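Student: Hi! I'm new to this one. Could you walk me through it?
Tutor: Happy to. Let's put it on the screen.

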Amino acid sequence: MAEYTHVTHIFEPIYNETSQVLILGTFPSVKSREQNFYYGHPRNRFWRVLAAVCGCAVPATVQEKKEMLLREHIAVWDVIASCDITGSSDASIRNVQANDIRRILAEVSDIRIFANGAKAYELYQKYMRPAACREAVRLPSTSPANAVCGFEKLCERWRIIREGEKN
């Protein structure tokens, strides 16, 4: 049986006052924690999907990723501040302490909220929705574990984040 580790989220949300969309994940993978930034696993399709949806080049460095997010008015964070987890397995998550979404909503009150996958959506509903007082849209996960949803299908479904943009 795999060992549980208590882990704390160590990096900040990426957003500013012009953010229009907030994409919430569950908790950083082992690779993301090693890189100290979101969606660090090379097989996770998050950055490729966002680049395709936004019509820009796939960012390579952490700095390029931050610049793309802010330029495209996209905020990124995770639902969980700390938890017990086995490796990177969302299914193993227990003893959750959630991040306080009011921190972002206080600065960007009309931001639209999206969950990257079913587990992020489930955790949002349980831990953040009571404070946010608004619904989130569940998107298919960009994780390589979501083999059912190919790249083109992901891009098609994720295009919703661009709807209703303010110029």
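Student: How many residues of H2 are buried?
Tutor: In H2, 7 of its 9 residues are buried, so the helix is mostly covered. Buried means under 20% relative accessible area, exposed means over 50%, and partly exposed lies in between, with a 1.4 Å probe and protein chains only. Helices (H or I, at least four residues) and strands (E, at least two) are DSSP runs, numbered from the N terminus. Keep in mind that this is a predicted model, where local features need pLDDT of at least 70, side-chain atom pairs count only at pLDDT 80 or more, and totals for chains, interfaces and linings use all residues. Residues are numbered from 1 along each chain as its sequence is written, and side-chain values use heavy atoms, with hydrogens and water left out.

Student: Which residues of H2 are buried?
Tutor: They are Phe46, Trp47, Val49, Leu50, Ala51, Val53 and Cys54.

Student: And what do they pack against?
Tutor: The buried residues of H2 pack against E2, H3, strand E3 (74-78), strand E6 (112-116) and helix H6 (151-158). Contact here means heavy atoms within 4.5 Å.

Student: How do people describe two packed helices?
Tutor: By the angle between their axes and the distance between the axes. Axes are lines fitted to C-alpha atoms, for helices over the stretch in contact, and angles run from 0 to 180 degrees between N-to-C directions.

Student: OK, at what angle do H2 and H6 pack?
Tutor: The angle is about 55°, and the axes are 9 Å apart. That makes H2 oblique to H6: angles under 35 degrees count as roughly parallel, over 145 as roughly antiparallel, 65 to 115 as roughly perpendicular, and the rest as oblique. H2 passes H6 in a right-handed crossing. A crossing is right-handed if the near helix is turned clockwise from the far one by less than a right angle, and left-handed if anticlockwise.

Student: Which residues meet there?
Tutor: From H2 there are Phe46, Arg48, Val49, Leu50, Ala52 and Val53, and they meet Phe151, Leu154, Cys155 and Trp158 of H6. By class, this contact has 9 nonpolar, no polar and 1 charged residues. In that sorting, Ala, Val, Leu, Ile, Met, Phe, Trp, Tyr, Cys and Pro count as nonpolar, Asp, Glu, Lys and Arg as charged, and the others, Gly among them, as polar.

Student: What about H2 and H3, where do their axes cross, angle-wise?
Tutor: The axes of H2 (residues 46-54) and H3 (residues 62-71) come within 12 Å and cross at roughly 40°. H2 and H3 are therefore oblique to each other, and their crossing is left-handed. Trp47, Leu50 and Ala51 in H2 meet Lys65, Met68 and Leu69 in H3. The residues of this contact divide into 5 nonpolar, no polar and 1 charged.

Student: Zooming in on phenylalanine 46, is it buried or exposed?
Tutor: Phenylalanine 46 counts as buried, because its relative accessibility is 0%. Leaving aside neighbours within four places in sequence, phenylalanine 46 is in contact with Ile23, Tyr39, Val76, Asn116, Thr142 and Trp158. Phenylalanine 46 and leucine 154 are 108 residues apart in sequence but 9.4 Å apart in space, C-alpha to C-alpha.

Student: New topic: loops. Where does asparagine 99 lie?
Tutor: Asparagine 99 is in the loop between strand E5 (94-98) and helix H4 (102-105). At 14% relative accessibility, asparagine 99 counts as buried. A polar atom of its side chain lies 2.8 Å from the backbone oxygen of aspartate 78. That fits the term polar contact, a pair of N or O atoms within 3.5 Å; within protein, one must be able to donate a hydrogen and the other to accept it, and residues adjacent in sequence count only if both atoms are side-chain atoms.

Student: And where is serine 19?
Tutor: Serine 19 is in the loop between strand E1 (5-8) and strand E2 (21-25). Serine 19 is buried, with a relative accessible area of 3%. A polar atom of the serine 19 side chain lies 3.0 Å from the backbone nitrogen of asparagine 16.

Student: Last one: what is the phi of asparagine 95?
Tutor: Asparagine 95 has a positive phi of about 55°, although it is not a glycine. Asparagine 95 is found in strand E5 and is exposed, with a relative accessible area of 51%.
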